[in-house]
Amino acid sequence: MTPVYDLESAVPVPWRLTAKTEAMTAEIAASLAAVLGPGDVLLLQGGLAAGKTFFTHHLVQALGTQDDISSPTYTIANLYETRRCDVLHVDAYRLSGAQEFHNLGLEEDIETSISVIEWGGRIEEAFDAYLQISFTAIPEQNGARVLELAAFGQRPHDLLTQFQKECAGAWL
């Protein structure tokens with residue numbers, strides 16, 4: 001497998017997975033959840049209905065929660081308790097940038113939780129290290145989508161390398 005991140009030049013190399021069904025997207029989310037821990041940040045990108053919230057729902061479920069998982073579109077941020085650690089779920093669509101994000105006062109939650117941020121590209125400058133996942137729906141295949149993953153920073157690189165080793169061949 002090719003490296004997911006060129007640490008020498010600091011250029012991310014996207015790694016592509018194809019989820020042919022919604023069930024496969026849920027499997028990918030659960031598989032990624034297995035390697036995540038406190039302080040990890042996922043920035044999700046993709047158009048409306050590309051699968052960001054669906055993916056997050058299954059990632060949080062895989063971490064073991066009793067909480068109701070819902071889109072934070074109107075609340076901007078939801079915090080879910082899981083067996084491993086809390087998950088901070090943010091929808092950055094209505095945020096104007098990193099400064100407005102910082103004004104929310106979520107720094108402590110980011111340090112102690114797994115952070116999943118939809119529309120994360122709007123506030124990516126707020127983070128030194130993160131795993132970016134871009135979702136693209138495949139229109140002619142109901143529920144199918146392409147996920148492109150890129151690591152920015154050493155910890156995300158290590159996560160993505162570990163995740164690659166555990167990925168099912170059906171997703172490649």
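Seven strands build an open sheet in this predicted model. Their order across the sheet is 3-9-8-4-7-6-5, and the pairing is mixed. At the edges stand strand 3 and strand 5 (77–80), each of which pairs on one side only. From one strand to the next, the twist averages 20°.

Take the mixed pairing piece by piece. Strand 4 covers residues 41–45, and strand 7 covers residues 114–118. These two strands pair in the parallel sense, over four bridges. Valine 41 has a bridge partner in strand 7, namely serine 115. Now go to the edge. Strand 3 and strand 9 (residues 145–152) pair in the antiparallel sense, and here there are five bridges. Arginine 16 stands opposite glutamate 148 of strand 9.

Stay with strand 3, which runs over residues 15–19. Which residues make up its covered face, and which its uncovered one? Trp15, Leu17 and Ala19 form the covered face. Arg16 and Thr18 form the uncovered one.

Next comes a helix that packs on the sheet. Helix 5 (residues 154–166) touches strand 3, strand 8 (130–137) and strand 9. Its direction makes about 140° with that of strand 9. Histidine 157 is found in helix 5. Is histidine 157 buried or exposed? The cut-off for buried is under 20% relative accessible area. Histidine 157 has 14% relative accessibility, so it counts as buried. Its side chain also joins that of aspartate 158 through a polar contact of 3.4 Å.

Aromatic rings also link parts of this structure. There are five aromatic pairs in the count. One of them joins tryptophan 15 and phenylalanine 163. The ring centres are 6.0 Å apart and the planes stand at 90°, so this pair is edge-to-face. Where do the two residues sit? Tryptophan 15 is in strand 3 and phenylalanine 163 is in helix 5. The pair therefore ties together parts that are 148 residues apart in sequence. Both partners are shielded: tryptophan 15 is buried at 10% relative accessibility, and phenylalanine 163 is buried at 0%.

Another pair is made by phenylalanine 55 and phenylalanine 135. This pair is edge-to-face too, with 5.3 Å from centre to centre and 70° between the planes. Phenylalanine 55 belongs to helix 2 and phenylalanine 135 to strand 8, so the pair links parts of the chain 80 residues apart. Phenylalanine 55 is buried, at 1% relative accessibility. Phenylalanine 135 is buried as well, with a relative accessible area of 3%.

Phenylalanine 55 leads us into helix 2, residues 52–62. Five names stand out as buried there: Lys52, Phe55, Thr56, Leu59 and Val60. Why do they lie on the same side of helix 2? They cover an arc of only 130° around the axis, and that puts them on the same side. Just after helix 2 comes glycine 64, with a positive phi of about 85°.

Now look at leucine 32, which lies in helix 1 (residues 22–33). Leucine 32 is buried, with a relative accessible area of 1%. Which residues does leucine 32 contact, leaving aside its neighbours within four places in sequence? They are Leu42, Phe55, Leu59, Leu131, Ile133 and Phe163. Phe55 and Leu59 are among the buried residues of helix 2. Phe163 is the helix 5 partner of tryptophan 15. Leucine 32 also has a C-alpha atom 8.6 Å from that of leucine 159, and these two residues are 127 apart along the chain.

Two loop residues complete the tour. Most residues other than glycine have a negative phi. Isoleucine 76 has a positive phi of about 75°, although it is not a glycine. Isoleucine 76 lies in the loop between helix 2 and strand 5. Its relative accessible area is 17%, so isoleucine 76 is buried. Tryptophan 119 also has a positive phi, near 60°. Its place is in the loop between strand 7 and strand 8. Tryptophan 119 is buried, with a relative accessible area of 17%.

Definitions and conventions:
Residues are numbered from 1 along each chain as its sequence is written. Side-chain values use heavy atoms; hydrogens and water are left out. Buried means under 20% relative accessible area, exposed over 50%, partly exposed in between (1.4 Å probe, protein chains only). Two strands pair if DSSP finds at least two bridges between them. Axes are lines fitted to C-alpha atoms, for helices over the stretch in contact, and angles run from 0 to 180 degrees between N-to-C directions. Contact means heavy atoms within 4.5 Å. A polar contact is a pair of N or O atoms within 3.5 Å; within protein, one must be able to donate a hydrogen and the other to accept it, and residues adjacent in sequence count only if both atoms are side-chain atoms. The arc is that of the directions from the helix axis to the C-beta atoms. Rings of Phe, Tyr and Trp (its six-membered ring) pair if their centres lie within 6.5 Å; planes under 30 degrees apart count as stacked, over 60 as edge-to-face and the rest as tilted.
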